[in-house]
Amino acid sequence: MSGFVVDSNLAKMFILEFWMEVVDVEEGLEMDVTLGEGLRRLPVYLLLDTSGSMMGAPIQAVEEGLALFKREVEKDTFARETVWVSVIVFGREVENVTQGLIPVEKLEIPSLEAGGYTPLGAALRLLLDSLDRDVKKAVKGGEKGDWKPLVFILTDGKPTDDWKSPRLELLNRRERKVLNVITVGCGPDIDEGTLREIAVGPSFKMDADSASFAAFFRWVSQTVKAVSQSLSQPQGENTPAPMPVPPDVLQYIP
Amino acid sequence: MCFSIFPEDGVGVTGFIVGDRVISRAFSTHPDWSAGFGKHNGFSFVGASAIGQLHLREGRKREDCFLVRSKGEWLLSLVADGVGSARLGGFGASLAVNFFAEEILRDLVVTKGHIGDSLKGRGQKRWKGYGAKLVPALAHEGVGTLSWYREMHLQEEENPWSENECLEQITQGLRKTHDFLLATAQRENEEAGALATTLLGVLFNTFSRQGVAFQIGDGLILAVSENESWPLVEVVEFEVSETAVLTQQNWEEWLRWQFFLWEDSLEAVFLMTDGVADDCLYTPPEDVLNRFGQDLVRELTRVLDEETAARRLLHWLSEYKAPSSFDDRTLVALYR
């Protein structure tokens, strides 16, 4: 017998949907109400060490990690709508490669080159500039404010410039509860004492192999997704951002 | 300003309850979508609460609540938002609105009046699974309660009750609710903040048309006249994702209130949790708050009965799309 077969479930769904539309029209349930069009964004800053010691496999792993981060965040409906990202690299060049905050879907994975020293201080300055310029505060009768920015700092060595004063500025911001900063040291040259001095929030250390970088960026994605869906909290509790349990490769530095 | 009240002898006083009841701790009794409606002494009210997209996806329950109660000529409307980071925030919100209403109304004195025998078809409905377009599988699970109350015939008389006394009554009610929430948390072996919730309310005398609006935490109480909409209670700017709650020790520092007189030019008062307030408080468009208020009045009053208005309100809360708006949405409207 020739002809076509109708999927009965599909037909039922079609009829149900059609019926719903009819009910809507008959009962006049639709309302036309003006709403705010402003977006509440979750700013995410990735400060990535591109100094000479990252040359080779580590810098390649960071690039791959960034691509993984983008893929993972884009998969999530809520995160895709709210996450805006900024990538700041510090090595031979210190540069905000995204020129501020951009929607995660517009993030193009940069081709990273390792070289030079570790000018963390200059990177922190770029971060502070962008925080001032790009992050929106809620204004009564004005724009919807952004969520607290989430900052990840990934470095594999000791800073080589003046990082203490910009860090202090960052710390003061954090004490005003406008930032979540997570610092991760990678590789054999990491000194826990220095990392503890640099850290503005929780700090971790890990190896510099590609598996560790992949685990780190996957964890960053999970954290970003969790924060983008985080729920309100009582005023004054200053609870840190909800972080998924870090992978085994990340060792917490108390 | 004063309220018209009289010593109560307890005879002939009646009142209704519409909205969310206390959630069972043994198993979930909180509908994902809920609406109620009624009319009292010439004032219409509709309330609706819809679970947010985020809670739907995560399989969580609605954590917002609303309640409208009357006693004599008084009308009390409440909305509460159980704070998401609190373990039992939704439970806390349901406790807060019900316990506070009981505390306030129990001691509130009403005008002496007599009760007529005429049945007036006012009612309440609560739907589980309403918003069938959103979750078609639940379409058949609609449940409802219909209630009728005898119409009251009240006589207006004068007896002043000062704003200070009224405010004291409200503060006392909130204090007892705060203590009750903390005691409940302790009984449940939870931390004090486990039942963290905001609370917004309007206590309104339908005779004297005087009322007081009060608010702890985020959300909005919006007044709408023919050409203008304005927050009835000062909007406190919290940091994004933070709010004041009734369970915190210093909750009184965050209590905001405003007395008001329902003049002829006032068309409606809306109470809403932050899930809706966040979508109308911020630009663009430039005049979003007034457009929101005017549109809502138009849409609710274009139908003749409150039941249809409540269904429309719930449908809209369930379905509307706004950027980064995933929270539970709850709104109670008082209008003439």
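Biologist: Why is B:Lys71 called buried?

Modeller: B:Lys71 has a relative accessible area of 10%, and buried means under 20%, exposed over 50% and partly exposed in between, with a 1.4 Å probe and protein chains only, so B:Lys71 counts as buried. This is a predicted model, in which local features need pLDDT of at least 70 and side-chain atom pairs count only at pLDDT 80 or more, while totals for chains, interfaces and linings use all residues. Residues are numbered from 1 along each chain as its sequence is written, chains are lettered from A and ligands numbered from 1 in the order in which they are written, and side-chain values use heavy atoms, with hydrogens and water left out.

Biologist: Where is the place of B:Lys71, and what makes its side chain a partner of B:Arg106?

Modeller: B:Lys71 belongs to strand E4 (residues 64-71) of chain B, where helices (H or I, at least four residues) and strands (E, at least two) are DSSP runs numbered from the N terminus. A polar atom of the B:Lys71 side chain lies 3.2 Å from the backbone oxygen of B:Arg106. A polar contact is a pair of N or O atoms within 3.5 Å, of which, within protein, one must be able to donate a hydrogen and the other to accept it, and residues adjacent in sequence count only if both atoms are side-chain atoms, so the pair of B:Lys71 and B:Arg106 qualifies. B:Lys71 also lies 5.7 Å from B:Thr14, C-alpha to C-alpha, although 57 residues separate the two in sequence.

Biologist: How do you know that B:Asn205 is buried, and which backbone nitrogen does its side chain reach?

Modeller: B:Asn205, in strand E8 (residues 199-205) of chain B, has a relative accessible area of 0% and is therefore buried. Its side chain reaches the backbone nitrogen of B:Phe207 at 2.9 Å, and a polar atom of the same side chain lies 3.0 Å from the backbone nitrogen of B:Ser208.

Biologist: Why are H5(B) and H6(B) called oblique to each other?

Modeller: Helix H5 (residues 288-301) of chain B packs against H6(B) at an angle of about 135°, with the axes 9 Å apart; axes are lines fitted to C-alpha atoms, for helices over the stretch in contact, and angles run from 0 to 180 degrees between N-to-C directions. Angles under 35 degrees count as roughly parallel, over 145 as roughly antiparallel, 65 to 115 as roughly perpendicular and the rest as oblique, so the pair H5(B) and H6(B) is oblique. In this packing, B:Phe292, B:Leu296, B:Glu299 and B:Leu300 of H5(B) meet B:Ala309, B:Arg312, B:Leu313 and B:Trp316 of H6(B), contact meaning heavy atoms within 4.5 Å. The residues of this contact comprise six nonpolar, no polar and two charged, given that Ala, Val, Leu, Ile, Met, Phe, Trp, Tyr, Cys and Pro count as nonpolar, Asp, Glu, Lys and Arg as charged, and the others, Gly among them, as polar.

Biologist: What makes H6(B) largely enclosed by the rest of the structure?

Modeller: Of the 14 residues of H6(B), 13 are buried, so the helix is largely enclosed. H6 (residues 306-319) of chain B reaches 20 Å from its first C-alpha to its last, close to the expected 20 Å, the expected span being 1.5 Å times one less than the number of residues. At its start, a side-chain oxygen of B:Asp305 comes within 3.4 Å of the backbone nitrogen of B:Glu307.

Biologist: Why does B:Asn41 count as partly exposed, and B:Asn189 as exposed?

Modeller: B:Asn41 has 38% relative accessibility and is therefore partly exposed, whereas B:Asn189, at 71%, counts as exposed. B:Asn41 sits in the loop between strand E2 (33-40) and strand E3 (43-50) of chain B, and B:Asn189 in the loop between helix H3 (163-187) and E8 of chain B. Phi is positive in B:Asn41, about 50°, and in B:Asn189, near 55°. Most residues other than glycine have a negative phi, and most peptide bonds are trans.

Biologist: Which residues does a cis peptide bond join, with omega about -10°?

Modeller: That cis bond joins B:Thr283 and B:Pro284, and the bond from B:Pro284 to B:Pro285 is cis too, with omega near 0°. B:Pro284 is in the loop between helix H4 (274-277) and H5 of chain B, as is B:Pro285.
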